[in-house]
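Visitor: Could you walk me through the reasoning behind some of the labels used for this protein?
Guide: Gladly; let's look at it together.

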Amino acid sequence: MIRAYANGGHCFETLQLYVLMRRAGILPNNYTFPFIFKACANNSFILQGKLAHGDALKTGFDSDLYVEAALVDMYAKAGQFCDGRKIFDEMSMKDLVCWTAMITAYEQAEKPEEALILFQKMQQEGLLADSVAIVSVASAIGQLGDTKMAQSVHCHAIRHLFLEEICVANSIMAMHAKCGNMDKARLVFDMMGERNLISWNSMLSGYTQNGKASEALLLFYEMRDSGCEPNPVTALIMVAACAYLGSSHLGKKFHDFILDSKMKIDVNLRNALMDMYAKCGDLETAVEMFSGIHPSERDVCSWNVLISGYGMHGYGEEALKLFSRMQEEGVEVEPNHITFTSILSACSHAGLVDEGRKCFTDMIKSVTPEMKHYACMVDMLGRAGLLQEAFDLIKEMPLSPNDSVWGALLLACKIHGNIELGKIAANNLFELEPNHTGYYVLMSNIYAASNKWQEVGKLRQDMKNRGLKKPAAFSVIEYGSEIHGFHTADHENPYWQEVYRKVESLAIEMRLAGYIPDLSCALHDMEDEDKEHILNYHSEKLAVAFGILMMDSRMAIRVTKNLRVCNDCHLAFKYISYIYGRKIIVRDANRFHHFENGSCSCKDYCEQRLSNAESNSMEMLNQSPAVNLWFVMIQWIKEMQHPDILCQVMNKTINC
C-alpha cells in the first residue's frame with residue numbers, strides 16, 4: 001500500500017500509512033524506506049524524511065544500498081545537497097541513479113561547476129551517462145555558457161541516439177540557447193521528429209534572451225500554425241519580446257490575445273505586462289495596471305517594475321515617492337537588491353544625488369551591495385559632475401570593479417570632458433573587455449570633443465586592427481501596424497525623399513524659432529557647414545520627420561533608437577515639440593525622453609552636457625512666445641504662395 005501511494009504521487013497518504021504502521025508496532029525494513037524517502041523528496045516533507053532517516057539509522061537499514069540511494073535522491077531533490085553529498089561520499093557502492101541524483105542536485109542549486117566535476121568523476125568510475133544524466137549536465141553547461149562543452153555533450157547525445165527522446169532534445173536545445181548559439185539551437189529544433197510545448201517555449205525564450213525578438217515573433221506565428229496552443233509561459237516570453245522591441249502596437253496585440261484566450265493572468269504575467277508597457281513608452285497604462293492590483297497581491301516584483309519604469313522615463317521623484325509607499329504599505333514586502341538597483345538608477349537619471357546617497361546608505365543596512373549597485377552610484381555621481389568622488393568610490397569598493405563600473409565612469413568622463421580620468425577608465429575597460437566596440441567609441445568621442453584628432457585616429461586604427469566596427473545608428477518608428485526603420489543618412493527607406501524634404505524644412509523652421517545646431521555632436525574633423533549637414537540626417541531626426549509627415553497630429557510620435565540620443569537631436573526635438581505642438585517619445589539605449597511643449601522629461605539632465613548652443617537656443621525659445629506667432633504667419637504665407645511677402649516676414653522674424 002505504501003508503494004502504491006508513493007508511486008502514485010500521493011505523498012501525504014504515504015506518510016499517513018507509515019505512521020499507522022509504526023503505531024501498529026510493525027517495524028519498517030529495507031523495502032519500506034525507499035518509498036518513504038521517495039514521498040519526502042521535496043521541501044514540504046523534508047522534516048518527515050529526516051525523521052524516517054532516523055528510523056533507518058535505529059533499525060540498521062541505513063547501510064542498505066537501495067536505502068542509501070533513496071536517501072541521496074531525497075536530499076538532492078529537496079535541495080539539501082550537503083546532507084545528500086555526505087551520504088553519497090560514504091556509500092561503498094554508487095550506481096548511476098545516485099550519481100545522477102547528486103549531479104542534478106548541484107545543477108538545480110545553480111552550482112554548475114560542482115555538477116560537472118561530479119560528472120567527470122562519474123565517467124572516471126567507468127559509468128556511462130544515460131539520457132537522464134545528460135539532461136542535467138546540459139542544463140549545468142547552459143548555466144556556465146561553455147560552448148566547447150556544449151558541443152561535446154551534443155555529440156555524446158547524437159552518438160547514443162538520446163536526441164530521439166524529446167526531453168533530451170529540449171535540454172540540448174536550451175543549452176545551446178543559453179550559450180548564445182541560436183543557430184545550433186534552431187538546428188536541433190528543426191530536426192526534432194516530435195515537439196511539445198516545452199520545445200516551442202525553449203526556442204522562443206532563447207531568441208528573446210539573445211536579443212532576437214523579431215525571430216521569436218516569427219516562430220510564435222509558426223507555433224500557432226502548427227496547432228500547438230500557447231500557455232502562460234509562452235505569454236510571458238512573448239510579452240518580454242515585445243518589451244525588448246519597444247513596440248506598443250505589438251504589446252497591445254499580445255495583451256488582447258492573452259485576454260481573448262482567457263489565459264489566467266497570475267502575478268508574474270501581470271508584472272511582465274506592466275514592464276512591457278513601461279518599456280514601450282506607455283507608462284500611463286503600467287501605472288493603471290499597478291493601481292488595479294489589490295495591495296495584498298502586489299509582490300516585490302510589482303513594486304520594482306513600476307519604480308524602474310518611473311526611473312527609465314526620467315521621473316525620479318515619482319520613483320522615490322513609490323519607494324516610500326512600498327515601505328509603508330507593503331508590510332510583508334521587503335525591498336530587495338533589484339529594488340535598490342531601480343531606485344538608484346532612477347536617482348541617477350534625475351540628478352537626485354543626495355537622495356541617491358541616502359538610499360545607498362539605507363540599503364547597506366539590509367542588503368549587501370553588489371556590483372550593479374556600485375555601478376549605479378558611479379553613474380549617478382559621474383553624471384552630476386562629481387567625478388573624483390565617483391573615482392574614490394571605485395577605489396574603496398570591496399569588490400574588484402567590473403566593466404559596468406568602469407563603463408559608468410567613462411561615460412561620465414565623456415559628458416564632462418575629463419580626459420585624464422577617461423584614460424584610466426578606458427585602459428581598465430580595454431583589459432576587461434578588449435573587443436567591446438562601445439568603449440573605444442566613447443574614448444574616441446572624448447578625444448574628438450577636445451579636438452585631439454591624432455588620438456582619435458590612433459583609437460580608430462586600433463579598432464580596425466582588432467576587426468571592430470562602430471555599430472551603425474538605427475531608429476525605428478511605428479506607423480499603424482507597420483514598423484519603419486532609418487539609418488543615418490538613409491537612402492533605403494521607400495519614403496526617404498519625402499522625409500529628407502521634411503527634415504530640410506524642419507531645419508529652417510527650427511532656425512526661425514531660435515535653434516542653434518550643436519556642432520560638438522558631429523565628431524569628425526571637418527568644416528562647420530558639413531557638420532551641420534551631417535547632424536540634419538541623424539536616424540532619429542529622420543524617424544521623427546516621418547512621424548510628422550505620416551501620423552495624425554493628435555498622436556504621439558514614438559521612436560526607438562539602438563544608441564544614445566545625441567545632444568543636438570535632443571535639442572531639436574524640444575523645438576519640434578514646441579513648434580508643432582506634438583508629443584515625441586524617444587527610447588534610446590539607456591532611457592526614455594518625453595518631449596512636449598519645448599521641454600523634456602529628463603529636465604536636460606541626460607547623457608550629454610547642456611552645451612552652450614543648447615543653452616542659447618533654449619533661452620531664445622523660452623524668451624518670447626511671439627516667435628511662434630511669426631512662425632504661424634510664415635506658414636500661412638507659404639501656403640498662400642507669396643514668396644516676396646514671405647522673404648520680408650522671414651527677415652522681420654529673424655530680427656525679432
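Guide: Two strands pair if DSSP finds at least two bridges between them. Keep in mind that this model is predicted.

Visitor: What makes β1 and β3 a pair?
Guide: Strand β1 (residues 474-479) and strand β3 (residues 557-561) are joined by 3 bridges. The requirement is at least two, so β1 and β3 pair, and they run antiparallel. One bridge links I477 to its partner V559 in β3.

Visitor: Where do these strands sit in the sheet?
Guide: The open sheet has 6 strands in the order β2-β1-β3-β4-β5-β6, with mixed pairing.

Visitor: Why are β2 and β6 called edge strands?
Guide: Both β2 (482-487) and β6 (599-600) pair on one side only.

Visitor: How do you know that α11 and α12 are roughly antiparallel?
Guide: The axes of α11 (residues 166-178) and α12 (residues 182-191) cross at roughly 165° and come within 7 Å. Angles over 145 degrees count as roughly antiparallel, and therefore α11 and α12 earn that label. Their crossing is left-handed.

Visitor: Which residues meet there, and of what class are they?
Guide: A169, I172, M173, H176 and A177 in α11 meet M182, K184, A185, V188 and F189 in α12. By class, that contact has 8 nonpolar, 1 polar and 1 charged residues. Lys counts as charged, so K184 is the charged one.

Visitor: And what is the wider picture?
Guide: The protein has 35 helices and 6 strands. Of its 656 residues, 50% count as buried, meaning under 20% relative accessible area.

Key. Residues numbered from 1 in each chain as written. Predicted model: local features only at pLDDT ≥ 70, side-chain atom pairs only at ≥ 80, totals over all residues. Heavy atoms only, no water. Helix = DSSP H or I, 4+ residues; strand = E, 2+ residues; numbered from the N terminus. Axes fitted to C-alpha atoms, helices over the stretch in contact; angles between N-to-C directions. Parallel < 35°, antiparallel > 145°, perpendicular 65-115°, else oblique. Left-handed = near helix turned anticlockwise from the far one by under 90°. Contact = heavy atoms within 4.5 Å. Buried < 20%, exposed > 50% of the residue type's maximum accessible area, 1.4 Å probe, protein only.
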